[in-house]
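Got the viewer open? Let's take a walk through this one, stop by stop, with something to select at each.

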Amino acid sequence: MGMDLSYWKYKEGTDLSPREVYQTACCDGLPAEGLEELPIEAILAEIETAYAKWERMDQATWEKETGGGFQLFTTPQIFRVDCYGLPREEVARFSERMKRYGCPVYDPQQGCRFDRLTVTLYGEAADIRDAVEEQAGIAFPGLPLGEVRCEPVPEGAVSLPKPEHPALELFVHRGKTMTKVTANLFFGSGWTSRPTQCKTALLTDPEETRKRLAKMAETAMKRAAEDLRQRSYHR
């Protein structure tokens with residue numbers, strides 16, 4: 001099955017729709033205001049060295065003896081790779097390489113650019129905001145923390161969001177006997193939900209409660225971050 005990934009770097013102070021940039025710059029090959037020029041020659045030289053043992057079909061296409069390959073499309077502003085028949089970790093190496101050039105991955109299949117993380121804390125989760133912000137930098141390396149919001153717990157059914165940048169939601173659900181801390185992580189059309197729990201009877205002292213909830217949030221966030229790594233090409 002074929003898929004493609006695209007990489008670019010915004011000029012400072014620029015925040016464009018990734019979907020629009022992808023269509024204009026990565027599909028149509030047109031210049032896009034707000035994008036930096038990339039050191040394309042250096043990037044291509046690195047690719048040639050890294051895949052020197054693969055068969056070079058033409059200037060832009062490499063194939064592996066055991067099957068699969070990739071084709072490159074570049075302009076002065078973007079680097080796009082179309083892959084087919086390659087395992088996930090092989091494809092993800094392009095993200096590792098381009099991260100060194102300040103270019104997070106945009107995955108058009110999921111509709112998400114992995115360049116920042118927004119966080120929404122619902123209800124009691126707001127009480128552990130400091131701990132969550134600290135843990136976000138540890139659990140999600142390469143995703144700078146963006147907006148952090150505190151909101152009341154929504155009532156009724158809520159539709160699944162499809163954000164253009166990864167978005168984390170944290171809930172605290174207190175029951176009579178058990179209390180859950182749930183981390184919901186959305187990245188385009190991809191998502192995961194990871195709960196942890198403890199006995200509600202343990203949550204009596206306010207200071208101890210914050211510590212315990214913070215530890216549970218840490219566990220849930222780490223699990224959600226691992227799901228993200230397994231289900232995306234962000235590295």
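One cut-off to carry along: a residue counts as buried when its relative accessible area is under 20%. Keep in mind, too, that this is a predicted model.

**Stop 1: a residue in β10**

Select Leu 170, which is found in strand β10 (residues 167-174). Buried or exposed, what is Leu 170? Its relative accessibility is 0%, so Leu 170 counts as buried. Now show what surrounds it. Leaving out residues up to four places away in sequence, Leu 170 touches Thr 120, Leu 121, Tyr 122, Ala 125, Val 132, Val 181, Thr 182, Ala 183, Ala 217 and Met 221. If you want a distance to draw, try Leu 170 to Gly 123: the two are 47 residues apart along the chain, and their C-alpha atoms are separated by 8.9 Å.

**Stop 2: across to β11 and β12**

From that contact list, pick Thr 182, which sits in strand β11. Thr 182 has a relative accessible area of 10%, so it is buried too. Which residues is Thr 182 in contact with, once neighbours within four places in sequence are set aside? They are Glu 169, Leu 170, Phe 171, His 173, Ser 193, Arg 194 and Pro 195.

Next, colour β11 together with strand β12 (residues 190-199). The two run antiparallel and are joined by ten bridges. To check the register, select Val 181, which stands opposite Thr 196 in β12. Then follow the hairpin round its turn: there are two residues between the strands, and Gly 188 takes a positive phi near 65°.

**Stop 3: the nonpolar core**

Here is a rule of thumb before the next selection: in soluble globular proteins, nonpolar side chains tend to be buried together. The largest nonpolar core in this model has 54 residues. Select the ones with the most contacts inside it: Tyr 7, Phe 70, Phe 79, Val 81, Phe 94, Phe 140 and Leu 170. Which helix gives the most to this core? That would be α5 (residues 206-231), with nine residues. There is also a second, separate core of ten residues, including Trp 8, Tyr 22, Cys 26 and Tyr 106.

Zoom in on Phe 94. Residues up to four places away in sequence aside, Phe 94 touches Tyr 7, Ile 47, Tyr 51, Phe 70, Phe 79, Val 81 and Cys 83.

**Stop 4: the rings**

Stay with the aromatics. A pair of aromatic rings is described by the distance of the centres and the angle of the planes. With ring centres within 6.5 Å as the cut-off, the count comes to twelve aromatic pairs. One of them is Tyr 51 with Phe 94, a stacked pair at 5.8 Å centre to centre with 15° between the planes. Tyr 51 lies in the loop between α2 (40-50) and β2 (55-58), while Phe 94 belongs to helix α3 (residues 88-99), so this pair ties together parts that are 43 residues apart in sequence. Tyr 51 counts as buried at 4% relative accessibility, and Phe 94 does so at 1%.

For a contrasting view, select Phe 114 and Phe 187. Their rings form a tilted pair, 6.3 Å centre to centre and 50° between the planes. Phe 114 is in the loop between β7 (112-113) and β8 (117-122) and Phe 187 is in strand β11 (residues 178-187), which puts them 73 residues apart. Both Phe 114 and Phe 187 are buried.

Two more selections here. Tyr 51, Trp 54, Trp 62, Phe 70 and Phe 94 are linked by ring pairs into a cluster. And Arg 88 lies over the face of Tyr 233, at 4.5 Å from the ring centre.

**Stop 5: the seven-stranded sheet**

Switch to cartoon and find the open sheet of seven strands, ordered β2-β3-β4-β5-β1-β6-β7 with antiparallel pairing. β2 and β7 stand at the edges with a single partner strand each, so one side of each has no neighbour in the sheet. Inside the sheet, β3 (residues 61-63) and β4 (residues 69-74) run antiparallel and are joined by three bridges. Select Thr 61 and you will find it opposite Gln 71 in β4.

**Last stop: zoom out**

The protein chain has five helices and twelve strands, and its C-alpha atoms fill a box of roughly 65 × 40 × 30 Å along the principal axes. Of its 235 residues, 46% are buried. Colour by surface to finish: the accessible surface comes to about 12300 Å², and 49% of that belongs to carbon and sulfur atoms.

Definitions and conventions. Residues numbered from 1 in each chain as written. Predicted model: local features only at pLDDT ≥ 70, side-chain atom pairs only at ≥ 80, totals over all residues. Heavy atoms only, no water. Phe/Tyr/Trp six-rings, centres within 6.5 Å; stacked < 30°, edge-to-face > 60°. Helix = DSSP H or I, 4+ residues; strand = E, 2+ residues; numbered from the N terminus. Buried < 20%, exposed > 50% of the residue type's maximum accessible area, 1.4 Å probe, protein only. Lys NZ or Arg CZ within 6 Å of the ring centre and 35° of its normal. Core = buried A, V, L, I, M, F, W, Y, C linked by side-chain atoms within 4.5 Å. Contact = heavy atoms within 4.5 Å. Areas by Shrake-Rupley, 256 points an atom, 1.4 Å probe, with all protein chains shown as cover. Pairing = 2+ DSSP bridges.
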